Amino acid sequence: MTAFERWAVWSTSVATLLTGTIYLWMKYLMASEDPLAVVNHPWQPYILKLHILVAPLLVFSIGVVALRHVWRHLKGKTGAGRRSGYITLVVVGPMIMSGYLIQAITHRGWLQAMAIAHIATGLIFGLGLLAHQFAAGGNEARAERAEARRVRRRHHRHRRAATHPATDRHSDES
């Protein structure tokens, strides 16, 4: 993963988890003093809107890393972080779909089921991503993998130079 991809995934994950957790707290754990209130906190609608605006950025960042990181590691034999990465990958689809369906469903029972599914998969995603960071080795492992890539590139350049020698464009054949 590039630094930008890592930043995109982490910043959008934190923003989405933070807004989702705050909204969860406001909606389900707070009680309004006004018995006729529609919301439990005056910021509740704004936090929900912020969550809805930042979540597509998370979906985009996951899509950005899907081929270069996720697919490559699923095909490869990388062991570090495989289990936590797989758990995170498995809950991404249901998390995204339940979040979308919450906006589209009107039946009270299905809406409640989607909300529960979205909260559960969102929390599992967040914990899985955090576990994946530690299981994959963090900065040390990232530095080792970067060095291994540099060595492979150098080796590839030397091998290519040996099989395709540079031609002299300024030869005396005029």
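Glu5 is a buried residue, since its relative accessible area is 6% and the cut-off for buried is under 20%. In this predicted model, Glu5 is found in helix α1. Setting aside residues up to four places away in sequence, Glu5 touches Val64, Val65 and Arg68.

Let us follow that helix a little further. Thr16 also has its place in α1, and with 10% relative accessibility Thr16 counts as buried too. Which residues does Thr16 touch, not counting those up to four places away in sequence? They are His51, Val54, Ala55 and Leu58. For one of these partners there is a distance to quote: Thr16 and Ala55 are separated by 39 residues in sequence, yet their C-alpha atoms are 5.6 Å apart in space.

Glu5 and Thr16 have company in α1, where the buried residues also include Ala8, Val9, Thr12, Ser13, Thr19, Tyr23 and Met26. A general point helps in reading such a list: an α-helix has 3.6 residues a turn, so residues three or four places apart point the same way.

The same helix holds an aromatic pair. The count of such pairs comes to 1. The ring centres of Phe4 and Trp7 are 5.9 Å apart and the ring planes meet at 35°, so this pair is tilted. Phe4 and Trp7 are 3 residues apart in α1, or about one turn of the helix. Are these two residues buried or exposed? Phe4 and Trp7 are both exposed.

Here are two helices side by side, with their lengths and spans.

| Helix | Residues in helix | Span between end C-alpha atoms | Expected span |
|---|---|---|---|
| α1 | 27 residues | 37 Å | 39 Å |
| α4 | 28 residues | 40 Å | 40 Å |

For α1 the span is close to the expected value, and for α4 the two values agree. The buried residues of α4 include Met114, Ala115, Thr121, Gly122, Phe125 and Leu129.

Now for the nonpolar interior. In soluble globular proteins, nonpolar side chains tend to be buried together. Here the largest nonpolar core has 9 residues: Val9, Leu58, Ile62, Val65, Val91, Val92, Met95, Phe125 and Leu129. Helices α2 (44–75), α3 (82–104) and α4 (108–135) each give two or more residues to this core. Two core members have already appeared as partners of α1 residues: Leu58 is touched by Thr16, and Val65 by Glu5. Another member, Val91, is in contact with Thr121, Ile124 and Phe125 once neighbours within four places in sequence are left aside.

There is open space to look at as well. The largest pocket holds about 980 Å³ and is lined by 31 residues. Which residues lie nearest its centre? They are His51, Gly99, Ile102, Gln103 and His118. Helices α1, α2, α3 and α4 each give two or more residues to the lining, with the largest share, 10 residues, coming from α4. His51 is thus worth finding on screen: His51 is one of the residues touched by Thr16, and also one of those nearest the pocket centre.

Stepping back to the whole chain, the model has 5 helices and 0 strands, and from the N terminus the elements run α-α-α-α-α. Of the 174 residues in the protein chain, 24% are buried. Among contacts with a separation of 6 or more, 65% come from residues 24 or more positions apart. The contact between Thr16 and Ala55, across 39 residues of sequence, is an example to look at.

Key: Residues numbered from 1 in each chain as written. Predicted model: local features only at pLDDT ≥ 70, side-chain atom pairs only at ≥ 80, totals over all residues. Heavy atoms only, no water. Helix = DSSP H or I, 4+ residues; strand = E, 2+ residues; numbered from the N terminus. Expected span 1.5 Å × (residues − 1). Buried < 20%, exposed > 50% of the residue type's maximum accessible area, 1.4 Å probe, protein only. Phe/Tyr/Trp six-rings, centres within 6.5 Å; stacked < 30°, edge-to-face > 60°. Core = buried A, V, L, I, M, F, W, Y, C linked by side-chain atoms within 4.5 Å. Contact = heavy atoms within 4.5 Å. 1 Å grid on protein atoms, 1.4 Å probe; cavity = no way out; pocket = protein on both sides within 12 Å on 5 of 7 lines; lining within 4 Å. Points joined across faces, edges and corners; volume = space filled by probe spheres on them.
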